[in-house]
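User: Please take a close look at one part of this protein for me, in plain words. I'd like to know how it is packed, with a few odd spots elsewhere thrown in.

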Amino acid sequence: MDLRIFTEPQQGATYDTLLTVAKATETLGFDAFFRSDHYLKMGDATGLPGPTDAWITLAGLARETQRIRLGTLMTAATFRLPGPLAIQVAQVDQMSGGRVELGLGAGWYEDEHTAYGIPFPKEKFARLEEQLAIVTGLWATDPGKTFTHTGAHYRLTDSPALPKPAQPRPPILIGGHGATRTPRLAAQYADEFNAPFVSVADTETLFGRVRAAAEKAGRRADDLVYSNALVACVGRDDAEVARRAAAIGRDVEELKENGLAGTPAEVVEKLGRYGAVGSTRVYLQILDLDDLDHLELISAEVMRQLP
């Protein structure tokens, strides 16, 4: 099972902090560094010193790291036009030597749109579907040919479809809890389906829907990677778990119920239950970005025990 580090910088983090965590991610043997794409804090956090842009951050990290994969959970389709987004991702992929992955979602947090003057359309899912068609279509257009798209929300005419990413196509991640439209989009466009912050039982249900949609679309269900995103709070003993839970303003029992919390042995056991229903990759949501000892513990005592 791959373990990836997933950060929420809108809660309060500078680029320098993110760089430190990304370098630790690489040094400690984790598979990837991912970040959210938000412009406004959530809950009681101060959000200071203010938001960092997801793709500007990843561009910087692309030049400062050598091995780890880099990506978003999830880029908000409401934030960017699909043509410029395809250019941004392709350029960062080139800058990283082909290590970028694009998680793309519909966008949902209305307050951050109104806070920064970003339109918040009523119909978001149809826009997301067009964005997926455009971004992947631009990347797939052969050099010297052009790409045209005429849709209800976006129109592109004779685009040169440049630049190209370093990879033939950066992996596309789609996630969520939807029962019909999300599995259909994942089956059509995704290389990976992510089940965010759900139980083992709900994970099995969500994976089953995507597998069925893939087979209905004429695609092998096993062509997709199936993953989870889960908050992490690991400690050498109960006191350390409690200290880390308090630092992020969460209750230990709630974290054990809804995330990966406890001693390394407890977390390995729970990861095994997710693995048993088909999860081969977990994004560890790390909320205290100053606690690098947390990453060291997970690397030394959790990751080494996983198959």
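Analyst: Helices here are DSSP runs of H or I with at least four residues, strands are E runs of at least two, and both are numbered from the N terminus. With that in hand, Ser299 can be placed in helix H11, which covers residues 292-302. Some ground rules: this is a predicted model, local features need pLDDT of at least 70, side-chain atom pairs count only at pLDDT 80 or more, and totals for chains, interfaces and linings use all residues. Residues are numbered from 1 along each chain as its sequence is written, and side-chain values use heavy atoms, leaving out hydrogens and water.

The part I'd pick is helix H5 with its partner H6. H5 runs over residues 125-140, 16 residues in all. From its first C-alpha to its last it reaches 23 Å, close to the 22 Å expected at 1.5 Å a residue (the expected span is 1.5 Å times one less than the number of residues). A good share of the action is inside: Phe125, Leu128, Glu130, Gln131, Leu132, Ile134, Val135, Thr136, Gly137, Leu138 and Trp139 are buried. Buried means under 20% relative accessible area, exposed means over 50%, and partly exposed is in between, using a 1.4 Å probe on protein chains only.

What do those buried residues of H5 pack against? The list of partners includes helix H3 (82-96), strand S5 (100-105), strand S6 (147-150), strand S7 (155-159), strand S8 (172-175) and helix H6 (181-189). Contact, by the way, means heavy atoms within 4.5 Å.

Zoom in on Gln131, which sits in H5. Gln131 has a relative accessible area of 0%, so it counts as buried. Skipping residues up to four places away in sequence, Gln131 touches Ala77, Arg80, Leu81, Pro82, Leu85, Leu104 and Tyr154.

Now the H6 side. H5 and H6 pack at about 5 degrees, with axes 11 Å apart (axes are lines fitted to C-alpha atoms, for helices over the stretch in contact, and angles run from 0 to 180 degrees between N-to-C directions). That makes the pair roughly parallel; the label goes to angles under 35 degrees, while over 145 is roughly antiparallel, 65 to 115 is roughly perpendicular and the rest is oblique. H5 brings Phe125, Leu128, Glu129, Leu132, Ala133 and Thr136 to this contact, and H6 brings Arg181, Thr182, Arg184, Leu185, Gln188 and Tyr189. Sorted by class, that is six nonpolar, three polar and three charged residues (Ala, Val, Leu, Ile, Met, Phe, Trp, Tyr, Cys and Pro are nonpolar, Asp, Glu, Lys and Arg are charged, and the others, Gly among them, are polar).

H6 also has helix H7 (residues 200-216) to deal with: the two pack at about 55 degrees, axes 8 Å apart. H6 and H7 are therefore oblique to each other. Here H6 uses Pro183, Arg184, Ala186 and Ala187, meeting Arg209, Val210, Ala213 and Ala214 of H7. This contact has six nonpolar residues, no polar ones and two charged ones.

Pro183 deserves a second look. It lies in H6, and at 4% relative accessibility Pro183 counts as buried. Beyond its neighbours within four places in sequence, Pro183 is in contact with Gly178, Arg209, Val210 and Ala213. Pro183 and Gly208 are 25 residues apart in sequence, yet their C-alphas are 9.3 Å apart in space.

Now for the odd spots. Asp158, in strand S7, has a positive phi of about 50 degrees although it is not a glycine. Phe197 also has a positive phi, near 55 degrees; this residue is in the loop between strand S9 (192-196) and H7. Phe197 is partly exposed, at 40% relative accessible area.

There are cis peptide bonds to check too. One joins Leu48 and Pro49, with omega about 10 degrees, and Pro49 is in the loop between strand S2 (32-35) and helix H2 (54-64). Another runs from Leu73 to Met74, omega near -25 degrees, with Met74 in the loop between strand S3 (69-72) and strand S4 (75-76).

Back to Ser299: at 14% relative accessible area, this residue is buried. Apart from neighbours within four places in sequence, Ser299 is in contact with Leu28, Phe30 and Arg304.
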